[in-house]
Number of protein chains: 2
Amino acid sequence: MLTKVNLAEKLAQFGEHWSPKIVGELNDAYVKLVKFRGEFVWHHHADEDELFLVVRGSFVMHLRDGEVRVSEGEFVVVPRGVEHKPVAEEEACVLLLEPKSLLNTGNVRSERTIDRPERI
Amino acid sequence: MLTKVNLAEKLAQFGEHWSPKIVGELNDAYVKLVKFRGEFVWHHHADEDELFLVVRGSFVMHLRDGEVRVSEGEFVVVPRGVEHKPVAEEEACVLLLEPKSLLNTGNVRSERTIDRPERI
């Protein structure tokens, strides 16, 4: 049988910010949930496009040529190679879809780097 | 700059059931939106896993060994090779994530088959 994933139930299972949790997988990709608050680091992913779908709240995706606010019920895809930095004044809950190979901080190593995301 | 996709705005642009619309792409996959109502055909996808995330309403995913109701804020992944048939008593709005190669009716051709999904 199939495993059904309830986003709200999964989001209730963790509180940390900037620590994506794996909640599903298909083909070569993971579905992750993450909570944003504050400012992430500038980075890019050389070989992977990344989808950000806001489940609750909103955040601003900063790009070198501008910024886009993404709110509940909206998504953006950041193409490979494009530098970006998510910023959230208040907590935002976001569903990510990204290749299994993707590292959260991309080309940068920082205190925010998470080599092995937890599966919940 | 990035294109932001608002799910509600896209859903307001079409009314047909069982006719997935492409609303985004990343890596080798399309993000689609579809409206379910009634009963689809039994089928499987030999080489592709498929994600169904309910944006509005609910539907029942029938499988040969049981069924799972999927409601707003929930998703299931149907693994490749697994026969399935979505059924919705009332309209359900669903986000699909699937490889670009995927045909909506999988191994079956029927009046429901859509060879070239529209991009909206």
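## Exercises on a predicted two-chain model

Reading along the sequence, chain A runs β-α-β-β-β-β-β-β-β. Keep in mind that this is a predicted model.

**Exercise 1. How many helices and strands does chain A have, and how compact is the chain?**

- Start with the count: chain A contains one helix and eight strands.
- Now for compactness. The radius of gyration of chain A is 13 Å, close to the 14 Å that the globule rule gives for 120 residues, so chain A is as compact as a globular protein of that length.
- For the outline, picture a box of roughly 45 × 30 × 25 Å along the principal axes, filled by the C-alpha atoms of chain A.
- Then look at the contacts in chain A between residues at least 6 apart in sequence: 64% of them join residues at least 24 apart.

**Exercise 2. Work out which rotation superposes chain B on chain A.**

- Turn chain B by 180 degrees, with 0.0 Å of shift along the axis, and it superposes on chain A with an RMSD of 0.0 Å.
- The two copies are thus related as by a two-fold rotation axis.
- Next, check which surfaces meet. Of the interface residues of chain B, 96% are also interface residues in chain A, so the copies meet through the same surface.

**Exercise 3. Describe the side of chain B that touches chain A.**

- Count first: chain B puts 28 residues into the contact and chain A puts in 27 residues.
- Then find the elements. Those of chain B that give two or more residues include strand S1 (4-6), helix H1 (7-11) and strand S7 (74-78).
- S7(B) gives the most, with five residues.
- Sort this side of chain B by class and you get 18 nonpolar, five polar and five charged residues.
- Finally, zoom in on one pairing across the chains: strand S1 (residues 4-6) of chain A and S7(B) pair in the antiparallel sense over three bridges. Within S7(B), Glu74(B) is the bridge partner of Asn6(A).

**Exercise 4. Is Val68(B) buried, partly exposed or exposed, and what does Val68(B) touch?**

- Locate the residue: Val68(B) sits in strand S6 of chain B.
- Apply the cut-off: buried takes 20 or more other C-beta atoms within 10 Å, and exposed takes 12 or fewer. Val68(B) has 18 C-beta neighbours inside 10 Å, so it counts as partly exposed.
- List its contacts, leaving out residues up to four places away in sequence: Met1(A), Leu2(A) and Lys4(A) from chain A, plus Met61(B) and Val76(B) from chain B.

**Exercise 5. Which residues have the most contacts inside the largest nonpolar core?**

- Here's the general idea: in soluble globular proteins, nonpolar side chains tend to be buried together.
- In this model, the largest nonpolar core has 62 residues, and those with the most contacts inside it are Leu51(A), Phe52(A), Val94(A), Phe52(B) and Val94(B).
- Take Phe52(B) and skip its neighbours within four places in sequence: its contacts are Met61(B), Val70(B), Phe75(B), Val76(B), Val94(B) and Leu96(B).

**Exercise 6. What is the sign of phi at Asn27(A), and where is this residue found?**

- Recall the background: most residues other than glycine have a negative phi.
- Asn27(A) has a positive phi, near 50 degrees, in a residue other than glycine.
- You'll find Asn27(A) in the loop between strand S2 (21-26) and strand S3 (29-39) of chain A.
- With 21 C-beta neighbours inside 10 Å, Asn27(A) counts as buried.
- Now try chain B: phi of Asn27(B) is also positive, near 50 degrees, and Asn27(B) counts as buried with 21 C-beta neighbours inside 10 Å.

Methods: Residues are numbered from 1 along each chain as its sequence is written. Chains are lettered from A and ligands numbered from 1 in the order in which they are written. This is a predicted model: local features need pLDDT of at least 70, side-chain atom pairs count only at pLDDT 80 or more; totals for chains, interfaces and linings use all residues. Copies are superposed by least squares on the C-alpha atoms of residues with pLDDT of at least 70 in both. Two residues are in contact if their C-beta atoms, placed from the backbone, lie within 7 Å. A nonpolar core is a set of buried Ala, Val, Leu, Ile, Met, Phe, Trp, Tyr and Cys residues joined through C-beta atoms within 7 Å. Helices (H or I, at least four residues) and strands (E, at least two) are DSSP runs, numbered from the N terminus. The radius of gyration is taken over C-alpha atoms; the globule rule is 2.2 Å times the number of residues to the power 0.38. Ala, Val, Leu, Ile, Met, Phe, Trp, Tyr, Cys and Pro count as nonpolar, Asp, Glu, Lys and Arg as charged, and the others, Gly among them, as polar. Two strands pair if DSSP finds at least two bridges between them.
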